[in-house]
Structures are given as structure tokens and as C-alpha cells.
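Me: I am new to this structure and would like a close look at one part, the pairing of charged side chains. Please go slowly, and then place that part within its surroundings.

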Amino acid sequence: MGALTRRGPGLRLRLTLLATSLVALVSAVLLWLGWVLVGNVVAAVPRLPAGTPVRVGGVDVPAELLGAALRDSAREQVLLIGGPAFVAVVVAAALLAWLVTGRMLRPLQDVTETAQRLSAESLDERIALSGPRDEVARLADTFDAMLDRLQAAFDAQRRFVANASHELRTPLSVVRTELDVTLSDPHADEAELRRMADVVREATARAERLVEALLLLARTEGVELAVREPVDLTDVVGRALRAVDPEARRRGLRVKRCTEPAFAVGDPALLERVAGNLLENAVRHNVEGGWVEVSTGADPRWTTLRVASSGPAIAPESVNALFEPFRRAGVQRTARNGTGLGLSIVQAATTAHHGNIHATALPAGGLAITIQLPAAP
């Protein structure tokens, strides 16, 4: 660890020195003005005839030097009295400035002490500064708001790690169980080994899909796009629909497509993943014989993609939770054939494109998700 940078005196000491210096300067100027004015006033005495003896301070002074003698005596008195007063004023100003600045900077000390006590386990501590709403209070409020955001981010990270660990543990447990059961059977035949291989392959594929989704979410969340170019959402939607068409036919879903030319600015591969995730969710979490509607549109500012589908009834207050990792409509854990990260990736990708996303629970059951992306010129 390198040497610490020398930062000089603290803010309280610097403010005290500044206030004391200003008081000393003003006091010195006042003392000088008093010295000059007293000397000039006393020196302006009436002139006496030359040769007239005058006693000043026990000393005989010629009349023609009376004014100068009185001036010097008055100025000496000013210095004798004003000097100690000057020192007393400066010392009092220093003490008062030290006390006042300490009281004024106490909230900053509270902020510092709170920051020093903070750790990942104590993010719930707040300053909660009371008193006048001045600059220091606004700083404390800003610090508390930052702690709120940090605590929310840490909590979300803990939930994400816990859920990801659980989801990855499931296929690994299946693989280990199948291997242990099959290998412990000395009479296992070829059919049993093939069955085990199929189960292991399915569990491995699920783990692979989950890892790929986690990597995509990590690459997308909170980053700037590396590619920005015009993308026709109608082509993107067409490719995504062809990918889900076999499963939609198998489940008897009616797919309605209402698209018009809609060009957005963004990453083509990422936008294709967005449309794919939306349509996969619309098909996978639908009901047998249900419906799916896809539409695109554009105005001078925004390009819109909307995917609506039938499905289980969703409480309106639960809609926002669907964008959390490992959540889907109706249940908290993911389905066996999904990763639970589809909508999280959609939200992260939309944010990376500086777009907006809005989800609405349909009265008859199902979900409608609308995405707005910056329109291409």
C-alpha cells in the first residue's frame, strides 16, 4: 500500500485560521486609523508664542514643538492601550471561530462517522439529520438517498446470487443423482445407461442455457452498447416468430401479427434477443388454445414493440416483480423449461438502448409488454 497523500490541516482549522486572519486584519486597520487620527487631532493645537515653556509629561517642551510632543504622546497611549486590546480581540476571535465552526461542521462529522461505520451488513444505518435545511442538511439527505440505492442494489444482488445458485444446483443435483443411482446398480443394462445419458444431457443443456442467460444479463446490465445502427423491428419480429412457431402450433395458439415499418437505433443481435425473449415467454407461459398478438409502430421520436398474450391471471401489483431474475407469471421459481431471466434481460437491454418498458396485466388473464426504443432517423 502506497504512502498516504498529505492533505494539510482540516476544514475546521482552515476556517478558524481564515476567520481569525480576517478579524486580525480588520483590527489592525482600525488600530492604525485610530493611531493616525488621534495624532492628527492632538497635533492641531493652538500655536503659542515662541519661547513659551510648556511642561508635557514632566518634561519642558518649547512652545513651537508642543504639537509634535502631544501627537507622539497620544499615539503612544493609543499603542499602549490598543495593542493588548488587539491581541485580546484576535485571541477571542480565534476561540469563537473554533467553537462556531465546530458546531457548524458537526453534521459533516456525523456523515463521516456514518460512512466509516458502514459495511455490507450495516447499510440500513442513516444519518437522518434534523434542523434547518441548509447545504449540510442537503448533503446528509443526499448521502442517505445514496445509501438507500446501495442497500437496494446489495439486496437485489444477494437475491440474484441465491436464486442463481439454486437454479444451477438443481441440474447438477440431477446429474449427480442419476450417476450415483446408475453406477450403484451392478446389473444396469444398455437401456438404463441410455436413459441416464438422456437425463444427464437434458440437465446439462438446462445448466448451459442458464449460464448463457446469466452471461448475457451480466454483459447487458448497466453498460453502453458497442453497436448502434438502424434496425428494422419488423424483420427482427419475423425471425423471432419463426423460432417459436413450432411450439405455438403444438399448443394451438393463435398468433396475430400487426406490424408496420419500424426502425430503431441499437444493437441488432441484442434487439433480436429482446423480441425472442418476449415471444418465448408469450408462448411458453400461455394457456392451451390461447392467443398471442405482436405489433410494431413508430413516430418521429420512438419506435414501439408490443407483445400481448393470454395466460394465467396476474395481480396488477405483481407485474413489476416479473422483471426480477428467476420470476415468472404466477409462481416465484422458474419453470422447468425456462431460465427465469427472460424479462430481466429484456429490461436490461431496453435500458441499455435508452428506451422504456411497460408491462400491464390483462383483465382476462395474460400480460402485455410494450417497449419504446429511440427511433432511427
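**Charged pairs and their setting**

Reply: Because glutamate 192 and arginine 195 are three residues apart in helix α5, which spans residues 190-220, about one helical turn separates them. The model is a predicted one, and in it the side chains of these two residues meet in a salt bridge, with 3.1 Å from N to O. Glutamate 192 has a relative accessibility of 24% and therefore counts as partly exposed, and arginine 195, with a relative accessible area of 34%, is partly exposed as well. The pair does not stand alone, for a network of salt bridges links Glu178, Glu192 and Arg195. In total, the structure holds eight salt bridges.

Another of these bridges joins the side chains of glutamate 288 and arginine 251, at 3.2 Å from N to O. This pair links distant parts of the chain, since glutamate 288 belongs to the loop between α7 and β6, while arginine 251 belongs to the loop between α6 and β4 (254-258), 37 residues apart. The two partners fall into opposite classes of accessibility: glutamate 288, at 58% relative accessibility, counts as exposed, whereas arginine 251, at 15%, counts as buried. A further bridge is formed by the side chains of glutamate 280 and arginine 273, which meet at 3.0 Å, N to O. Here glutamate 280 is partly exposed at 26% relative accessibility, and arginine 273 is partly exposed with a relative accessible area of 30%.

Helix α7 now leads to the interior. The largest nonpolar core has 36 residues, and those with the most contacts inside it are Leu278, Leu279, Val294 and Leu305. Two or more residues are given to this core by each of α6 (233-250), α7 (268-284), β6 (291-298), β7 (302-309), α8, β8 (356-361) and β9 (367-374), with α7 giving the most, eight residues. Valine 294 touches, among others beyond four places away in sequence, Val237, Leu241, Leu279 and Leu305. A second, separate core of nine residues includes Val111, Leu123, Ala140 and Phe143. In soluble globular proteins, nonpolar side chains tend to be buried together.

Aspartate 267 lies in the loop between β5 (263-266) and α7, and it is buried, with a relative accessible area of 18%. A polar atom of the side chain of aspartate 267 lies 3.1 Å from the backbone nitrogen of alanine 269. Helix α8 (residues 342-352) is largely enclosed by the rest of the structure, because nine of its eleven residues are buried; among them are Leu343, Ile345 and Val346. After α8 comes histidine 354, whose phi is positive, near 60 degrees.

Nonpolar residues also appear on the surface, where Leu25, Val26, Val29, Leu30, Trp32, Leu33 and Leu37 form a patch with about 700 Å² of accessible area together. Valine 29 of this patch is found in helix α1 and is partly exposed, at 41% relative accessibility. Valine 23 has its place in α1 too, which covers residues 11-43, and there it touches Val89 and Ala93, leaving aside residues up to four places away in sequence.

As for the whole, the protein has eight helices and nine strands, and buried residues make up 35% of its 377 residues. The protein exposes about 23,000 Å², of which carbon and sulfur atoms supply 60%.

Notes. Residues numbered from 1 in each chain as written. Predicted model: local features only at pLDDT ≥ 70, side-chain atom pairs only at ≥ 80, totals over all residues. Heavy atoms only, no water. Buried < 20%, exposed > 50% of the residue type's maximum accessible area, 1.4 Å probe, protein only. Helix = DSSP H or I, 4+ residues; strand = E, 2+ residues; numbered from the N terminus. Contact = heavy atoms within 4.5 Å. Core = buried A, V, L, I, M, F, W, Y, C linked by side-chain atoms within 4.5 Å. Polar contact = N/O pair within 3.5 Å; in protein donor to acceptor, adjacent residues only side chain to side chain. Patch = residues over 30% accessible without salt bridge, like charges linked within 9 Å, V, L, I, M, F, W, Y side chains within 5 Å. Areas by Shrake-Rupley, 256 points an atom, 1.4 Å probe, with all protein chains shown as cover. Salt bridge = Lys/Arg side-chain N within 4 Å of Asp/Glu carboxyl O.
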